[in-house]
Amino acid sequence: MTASTSSDSLLKQPRAVWAVAFASVIAFMGIGLVDPILKPIGEQLDASPSQVSLLFTSYMLVTGVAMLITGVVSSRFGPKRTLLVGLAIIVVFAALAGTSGSVGEIIGFRAGWGLGNALFIATALSTIVGAASGGVARAIILYEAALGIGIATGPLVGGVLGGFSWRGPFFGVAVLMAVAFILLIVMLPDTPKPAHTTSILDPFRALRHRGLLTVGITALLYNYGFFTLLAYTPFPLDMGTYSIGFIFFGWGLCLAVASVFVAPKLQRAFGTLNMMMLALLLFAVDLGVMAMFTENKTVLIVGTVVAGLFLGVNNTLITETVMISAPVERSTASAAYSFVRFTGGAAAPYLAGKLGESNMHVPFWVGAACTALAIVVLATGRKVLAHVDDHEPAPHSIDEARAVTVGD
């Protein structure tokens, strides 16, 4: 088969696949969308950096808790209804955030947005795979492309719309998600419910396995550094919305490319656990450099963009590790991991902002220390995770796509 023929067959997908892919782009845009408007929100609503950073905390905290119920909801109502409910929630709360008159209101509405995002993201992958033509691998390529575009363009869209008003990104997401909602109603056929239902207690039972718990705590610690970078860096950068948008666009682009293309190659060359530890070490060093030279905007810009490479590699590999770290269903392992990772790491944006109000260097030092501690925790579990290096998911497999999704 020629390259052009392969490309044509990849693009010849049912309309339902394109509708879900479009919605996936918008959903993943929500991760970095607010970065460029953090300072304008603080300035115009008279809020401190720690208060504004709670936009990330509420979003991630609710996303983490909601991951416990996504399987329960989807198994009882079916994928299509779960997708539509998730999209509807995002539309409502994104629009409400745009009408807010205080930071407290935005924080609350971002929490609702997190619930909708969790329901949508947990269901989108299986829906695309089920509706696509031409095999699973082609469906995964489309899904990974949508995910990467969303992560990379979120800050860019936030910067462009935020240049008009900090309310612009919120209204923009509401409109785009409303379009996606209509497209899914019209184009996506009803999908059957899973053969068996899941329990909300399953993820907690899964955490009894030491391997899964070790990886979850590792992710919790390094997530502190992750969200410090994402939520706090715009404040010491002290630049306009366009500039912040382009900087985090570079970060998102590096993260997306490293997640999908770089991580599998490094995994094959150096092993999963070794590469995870190296990526964490490089990220910790990166944060340390940013801590030493926080007044230097060039260092902060380069450090932020380069961090995307380390985070992309580690996110994918650590989530692959999660799904084979315990003898439980992979959806259950992902839910347990996401709960620990997001609910634990959700404190980072607020704490980083609070620490930064006293000393601009300290948040990065604390983030670097937590990331370094994550390496220590992972090292203590090498024996129970030794089997991880014997497993390597095929390129563009469901395992790989699920790892990229949950990791990012």
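# A guided tour of the helices

Start by selecting Val-73, Ser-74 and Phe-77 in α4, then add Pro-79, Arg-81 and Thr-82 in α5: these two sets of residues meet each other. Sorted by class, this contact of α4 with α5 has three nonpolar, two polar and one charged residues. Keep in mind as you click around that you're looking at a predicted model.

Now show the two helices in full, residues 49–77 for α4 and residues 79–98 for α5. Their axes are 7 Å apart and the packing angle is about 125°. An angle between 115 and 145 degrees falls in the oblique class, so α4 and α5 are oblique to each other.

**Zoom out for a moment**

Colour the chain by secondary structure and you get 18 helices and zero strands. Of the 408 residues in the chain, 57% are buried. If you draw the contacts with a separation of 6 or more, 88% of them join residues 24 or more positions apart. The next few stops show examples of residues that meet from far along the chain.

**Stay on α4: Leu-61**

Select Leu-61, which also sits in helix α4. What does Leu-61 contact, leaving aside neighbours within four places in sequence? Thr-343 and Ala-346. Put a distance label between the C-alpha atoms of Leu-61 and Ala-346 and you should read 5.4 Å, although their positions lie 285 residues apart along the chain. Leu-61 is partly exposed, with a relative accessible area of 37%.

**On to the end of α5: Gly-98**

Gly-98 belongs to helix α5. At 0% relative accessibility, Gly-98 is buried. Not counting residues up to four places away in sequence, Gly-98 touches Arg-167, Phe-170 and Phe-171. Add Gly-172 to the view as well: its C-alpha is 9.2 Å from that of Gly-98, with the two glycines 74 residues apart in sequence.

**Follow Phe-170 to an aromatic pair**

Keep Phe-170 selected and add Trp-113. The ring centres are 6.1 Å apart and the planes stand at 70°, so this is an edge-to-face pair. Trp-113 comes from helix α6 (residues 103–131) and Phe-170 from helix α8 (residues 168–187), so to speak two distant parts of the chain, 57 residues apart. Buried or exposed, these two? Both Trp-113 and Phe-170 are buried.

Across the whole structure there are 10 aromatic pairs. For another one, jump to Phe-227 and Phe-342, a tilted pair at 6.5 Å centre to centre with 40° between the planes. Phe-227 is in helix α10 and Phe-342 in helix α15 (residues 330–345), so the pair ties together parts that are 115 residues apart in sequence. Phe-227 is buried at a relative accessible area of 1%, and Phe-342 is buried at 8%. Now add Phe-226, Phe-248 and Trp-251 to the selection: ring pairs link these three with Phe-227 and Phe-342 into a cluster.

**Along α10 to α17**

You already have part of α10 on screen, so show the whole helix, residues 210–232, together with α17, residues 362–380. Their axes lie 8 Å apart and the helices pack at about 165°. That makes α10 roughly antiparallel to α17. Turn the view to look at how they cross: α10 passes α17 in a left-handed crossing.

For the side of α10 that meets α17, pick residues including Arg-210, Ile-217, Leu-221, Tyr-224, Gly-225 and Tyr-232. Their partners in α17 include Pro-363, Phe-364, Gly-367, Cys-370, Leu-373 and Val-377. By class, the contact of α10 with α17 comprises 13 nonpolar, seven polar and one charged residues.

**Last stop: two aspartates in loops**

Most residues other than glycine have a negative phi. Select Asp-46, where phi is near 55°, a positive value in a residue that isn't glycine. Asp-46 is in the loop between α3 (38–44) and α4. With a relative accessible area of 71%, Asp-46 is exposed.

Then go to Asp-238, in the loop between α11 (234–237) and α12 (241–270). Here phi is positive too, at about 50°, although Asp-238 is not a glycine. How accessible is Asp-238: buried, partly exposed or exposed? Asp-238 counts as partly exposed, at 44% relative accessibility.

Notes:
Residues numbered from 1 in each chain as written. Predicted model: local features only at pLDDT ≥ 70, side-chain atom pairs only at ≥ 80, totals over all residues. Heavy atoms only, no water. Axes fitted to C-alpha atoms, helices over the stretch in contact; angles between N-to-C directions. Helix = DSSP H or I, 4+ residues; strand = E, 2+ residues; numbered from the N terminus. Parallel < 35°, antiparallel > 145°, perpendicular 65-115°, else oblique. Left-handed = near helix turned anticlockwise from the far one by under 90°. Contact = heavy atoms within 4.5 Å. Nonpolar A, V, L, I, M, F, W, Y, C, P; charged D, E, K, R; others polar. Phe/Tyr/Trp six-rings, centres within 6.5 Å; stacked < 30°, edge-to-face > 60°. Buried < 20%, exposed > 50% of the residue type's maximum accessible area, 1.4 Å probe, protein only.
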